[in-house]
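Hi everyone, thanks for coming. I'd like to walk you through one structure today, so please have the sequence and the model open while I talk.

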Amino acid sequence: MKVFLEKGIYRGNVNAIGSKSFAHRFLISSFLSENPSKISNIPSSKDIEATLNCIKALGADYVLDGDTISIFSRKEMGNDPVLDCIESGSTLRFLIPVALALTDKVTFKGTPRLIDRGIGVYEKIMEKQGIKVTKNSDSLSFERKLKSGEFEIDGSISSQFVTGLLFAVPLLDGDSEIKLIPPVNSKNYIDITLEILARYGIKYVVDGNVIKIPGNQKYIAKDNEVEGDYSNSAFLEAFNYLGGEVNVGKLNKKSLQGDKVYVDLYKHLDERYCEIDISNCIDLGPVLFVFAAMKNGGRFTGTSRLAIKESNRAEAIKEELEKIGASVKIDADSVTIEGNKLNYVDGVTFNSHNDHRIVMALSLLSSKMGMAIEGYEAINKSYPEYFKVLEKLGGKIRYE
């Protein structure tokens with residue numbers, strides 16, 4: 001499927017959608033609680049749908065009404081539950097330890113790309129604990145429950161593995177320690193998890209790069225509202241540097257979300273060529289690359305994890321930007337982009353690479369050129385209403 005965007009200026013007011021990062025964590029914590037609760041401002045997306053389907057397979061009893069979900073006590077799950085994560089890496093990595101804290105046999109399904117992205121950190125833990133792992137092109141199966149103890153995690157790979165263990169180990173018999181091996185990337189996501197665990201009554205102690213968690217704890221749910229999402233708002237506020245005037249409301253200025261740094265990064269890139277470390281805001285990579293190409297260029301470090309996202313995001317952006325004259329150089333852990341080299345030719349067709357953030361990043365070019373994006377439906381993973389929002393802001397858009 002293809003979306004066509006005409007040249008134009010984007011202006012208006014829009015509220016941020018709910019943060020996926022907070023929503024995933026609230027849903028899992030509420031599911032693990034013994035008392036009922038409500039969560040409001042749940043964003044509509046394929047990733048959140050995946051988490052809902054998976055906690056239902058694990059026995060969640062809930063009612064979804066608009067953007068509010070009421071979660072009740074857990075029901076008995078079936079033998080060998082099957083959890084379909086679709087394409088959601090957060091769902092898969094968060095719920096593997098949780099499922100193994102609750103049952104001794106479970107299967108996770110997902111797209112071949114999701115399974116191929118890997119769970120290497122967990123595989124080492126499973127091997128050490130004698131948990132059998134069976135991997136197929138579209139599924140992962142586990143046999144034997146997770147046990148408490150000491151867990152070492154390479155902090156440079158993904159904070160999602162840390163979050164998964166943080167959800168699970170309070171439920172286990174015996175105390176646990178999670179030792180993070182530096183460097184710890186995307187630490188802000190770990191901080192979000194810890195903040196939410198505290199809201200749900202979970203005790204822990206952080207001692208440098210070691211997190212100590214007592215076992216045999218119980219989650220105590222409270223009603224919560226999902227705060228606005230900075231990751232998706234970054235794409236909308238970028239138009240303010242391209243002649244537009246977009247005001248995004250309902251963003252928590254004191255948020256722990258690491259992606260809120262885009263506010264400062266755009267200012268720097270708009271003024272001059274910059275060198276920026278994105279290891280703690282890796283999801284901003286695509287939008288920052290396109291922004292830099294449209295402005296003064298930049299060198300971005302801490303980029304290696306882009307290769308294991310929904311697409312190889314650095315390669316995907318390079319391929320698309322080169323269609324309009326960009327100069328992009330990719331190294332092992334950096335991306336260098338020359339600025340002011342783009343040739344805004346009408347009628348160019350871009351490819352989404354089946355990646356929601358690639359779609360949104362490419363849409364920045366719509367204010368400067370008539371363009372099309374093939375495979376735009378990838379946007380449903382995180383922000384299904386994105387193009388409707390652009391229309392509200394003055395965009396002229398048609399679909400094929």
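**A walk through the model**

Let's begin with one pair: R299 has T336 as its bridge partner in β19. Before I go on, a word on the ground rules: this is a predicted model, where local features need pLDDT of at least 70 and side-chain atom pairs count only at pLDDT 80 or more, while totals for chains, interfaces and linings use all residues. Residues are numbered from 1 along each chain as its sequence is written, and side-chain values use heavy atoms, with hydrogens and water left out.

Back to the strands. When I say helix or strand, I mean DSSP runs numbered from the N terminus, with helices being H or I of at least four residues and strands being E of at least two. Two strands pair if DSSP finds at least two bridges between them. Strand β17, residues 297-301, and strand β19, residues 334-338, run antiparallel and are joined by five bridges. β19 is also joined to strand β18, residues 328-331, by four bridges, and these two run antiparallel. Here V328 has I337 as its bridge partner in β19. β18 and β19 make a hairpin, with two residues between them.

If you follow the chain into the loop between β19 and β20 (348-351), you meet N340. N340 has a phi near 55°, which is positive in a residue other than glycine. Is N340 buried or exposed? N340 is exposed, at a relative accessible area of 56%. For those words, buried is under 20% relative accessible area, exposed is over 50%, and partly exposed is in between, using a 1.4 Å probe and protein chains only. H353, in the loop between β20 and α12, also isn't a glycine and has a positive phi of about 55°. With 22% relative accessibility, H353 counts as partly exposed. One more backbone detail: the peptide bond from P182 to P183 is cis, with omega near 0°. You'll find P183 in the loop between β11 (176-181) and α7.

Now another sheet. This open sheet has four strands in the order β4-β5-β3-β14, with mixed pairing. β4 (62-65) and β14 (224-225) are at the edges with a single partner strand each, so one side of each has no neighbour in the sheet. β14 pairs with strand β3, residues 37-40, in the parallel sense over two bridges. In that pairing, N224 of β14 stands opposite I39.

On to the inside. A nonpolar core here is a set of buried Ala, Val, Leu, Ile, Met, Phe, Trp, Tyr and Cys residues joined through side-chain atoms within 4.5 Å. Which members touch the most others in the largest core? Those are L236, L365 and Y386, out of 68 residues. Helix α10, residues 285-294, gives this core its largest share, eight residues. Another core, of 66 residues, lies apart from it and includes A23, L32, V184 and I196.

For a single buried residue, look at S139 in strand β9, residues 139-143. S139 is buried, at a relative accessible area of 10%. Setting aside neighbours within four places in sequence, S139 is in contact (heavy atoms within 4.5 Å) with T107, F108, K109, I115 and T134.

Last stop, the cavities. On a 1 Å grid over the protein atoms alone, a cavity is a set of points where a 1.4 Å probe fits but cannot get out, and lining residues have an atom within 4 Å of a point. Grid points are joined across faces, edges and corners, and the volume is the space filled by probe spheres set on the points. That gives two cavities of 30 Å³ or more.

The largest cavity holds about 430 Å³ of space. Its lining has 30 residues, with S90, Q160, Y189, D283 and K309 nearest the centre. By class, that lining has five nonpolar, twelve polar and 13 charged residues. Ala, Val, Leu, Ile, Met, Phe, Trp, Tyr, Cys and Pro count as nonpolar, Asp, Glu, Lys and Arg as charged, and the others, Gly among them, as polar.

The second largest cavity has a volume of about 40 Å³. Residues lining the second largest cavity include S21, Y189 and D259. Helix α7, residues 187-199, supplies the largest share of that lining, three residues. Thanks, everyone!

Key
1 Å grid on protein atoms, 1.4 Å probe; cavity = no way out; pocket = protein on both sides within 12 Å on 5 of 7 lines; lining within 4 Å.
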